[in-house]
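Trainee: Could you take me through the salt bridges of this model, one pair at a time? I would like to know where the partners sit and how open they are to the surroundings.

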Amino acid sequence: MWEGGGIASATPVGWWWWCLRVSPIHVVSFFLCQFNITRTTASCLAVGVVYPVKKVGAVVEVSMAPSLRTCYRYLNQTSRSFAAVIQALDGELRDAVCIFYLVLRALDTVEDDMTIPSAAKVPMLRDFHSFLYQHEWSYSLSNEKDRQVLEDFPTISLEFRKLAKIYRDVIGDICQRMGAGMAEVLQKKVGSMQEWDQYCHYVAGLVGIGLSRLFAASGLEDVVVGEDVALANSMGLFLQKTNIIRDYLEDTRDRREFWPQEAWSKYAGSLSDLARPENLCAAVGCLNELVTNALGHVPDVLTYLSRLRNQSVFNFCAIPQVMAIATLSACYNNPAVFGGVVKIRKGQAVTLMMDATSLASVRAMMLQYAQEIQRCIPPDDPSATQTRDIVLRIKAMSRAGASSSSSSGGGDSGDAQEEEEVNGRHQGTGFMSPLSLTMGMVLAALGWQYWATVQGVAAKYLQGL
């Protein structure tokens, strides 16, 4: 975690000076490492969920160009869900993913703006990738809440052009394909389940594909991560379908229809009719069918995560996925979806964000929520058989993966063995040195601040779920 920083060998004066210059989260994590707490626990604090740029410390702030600092400010302003995990990524990948996010946020803002006439919007979407190389291009007529990324697009495109070519090629390609896809589906309603998959591919699957290619290009992940398009696409589809399912009421009130007609037409005359009190039983049947469809991506999610090797990339990918399955569990067989937005509790979100730092933990969470859904399957639900089938498959993959990890002596079992050794050493200690007591007091104070910070991040994350 601290390799290359020279921290472990620092003098006492240098040690405390370092503590004053970095965020409380890094101080807590460093002390945990110094006192032989397990790597799993330490990495949860250091790389997990809170890494705002303005709290990274003087070294990063001083070395950051004003235009890049502006980009990170826009990231924090426009992303309630991903800003923290993006800023926890390692090395140059962090900047590449930040710019990738802002470019696609700008493109999505054009697509979402209903005040732009289709005659102007369609060519803008198709040509948007070319604006990355037009130094002065901007758009100042948007009424969307995230319009600053369009109004100050020259700053974003400037930082894009500073990226290494290998990153620019990925971002430009995904931007072009996404813009063309958005233009294609702009005038269409989502009809068949296949068209639902296609829509989700354009707006989210391509994001997963692009991110995977960036991970591989950075050298932090194996080439296969960037080459397996099907798994990367499935990662995006799982998140997008979860959002669409959860946001039924908000979207229908805005006259936006993203639930596929092939599904809802079995249960009502129109999509908005599902919210009528007399149709709630049928509406829940439609809801359960779509949740079941979304759960079909979980096996791909588990396979994808099993290939990741870098801790920051793993956290970045895993946290949204466990949030998604927790949200689906809360939505399944729940008529409240048709009366408001169903969200997971803040405390639950904090736990998920802190625990989603190892494959074993993610498997355990997937198993837990699959079991919760299984307990709620109504015997007479039209899609009950399909739901049981996919739940059983998720449970089998989670359990088989856990057994494989423990028997192969992989990283998770190593962490468990290390934790047992640490606990054994601590059990044999009958006293604490003055330094240990001092560090304990520091940990208690900083731990409280850390917890308050995580709760704040979780609250922002939940607003975006």
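Mentor: Happy to. Counting side-chain nitrogens of Lys or Arg within 4 Å of a carboxyl oxygen of Asp or Glu, the total comes to 15 salt bridges. Please keep in mind as we go that this is a predicted model.

Let's begin with helix α11, which covers residues 165–185. Lys165 forms a salt bridge with Asp169, and their closest N and O atoms are 2.7 Å apart. The two are four residues apart in this helix, so about one helical turn separates them. As for their surroundings, Lys165 is exposed, because its relative accessible area is 52% and the cut-off for exposed is over 50%. Its partner Asp169 has 38% relative accessibility and therefore counts as partly exposed.

Now stay in helix α11 for another pair. Arg177 forms a salt bridge with Asp173, with 3.3 Å between the closest N and O atoms. Here too the partners are four residues apart, which means that about one helical turn lies between Arg177 and Asp173. Arg177 is partly exposed at a relative accessible area of 34%, and Asp173 is also partly exposed, at 25%.

Some salt bridges share partners, and in this way Arg105, Asp108, Lys145 and Asp146 are joined into one network. Let's pick out one pair from that group: Asp146 forms a salt bridge with Arg105, the closest N and O atoms being 3.7 Å apart. This pair links distant parts of the chain, as its residues are 41 apart. Arg105 belongs to helix α7 (residues 91–112), while Asp146 lies in the loop between α8 (118–127) and α9 (148–151). With 7% relative accessibility, Asp146 is buried, because buried means under 20%.

To finish, here is a polar contact of another kind for you to find on the screen. Look for Ser234 in helix α14, which spans residues 229–246. Ser234 has a relative accessibility of 3% and therefore counts as buried. Its side chain makes a polar contact with the side chain of Asp300, at 3.0 Å. Leaving aside residues up to four places away in sequence, Ser234 touches His297 and Asp300, so Asp300 turns up both as a touching residue and as the polar partner, with the cut-offs being 4.5 Å for a contact and 3.5 Å for a polar contact.

Note on methods: Residues are numbered from 1 along each chain as its sequence is written. This is a predicted model: local features need pLDDT of at least 70, side-chain atom pairs count only at pLDDT 80 or more; totals for chains, interfaces and linings use all residues. Side-chain values use heavy atoms; hydrogens and water are left out. Buried means under 20% relative accessible area, exposed over 50%, partly exposed in between (1.4 Å probe, protein chains only). A polar contact is a pair of N or O atoms within 3.5 Å; within protein, one must be able to donate a hydrogen and the other to accept it, and residues adjacent in sequence count only if both atoms are side-chain atoms.
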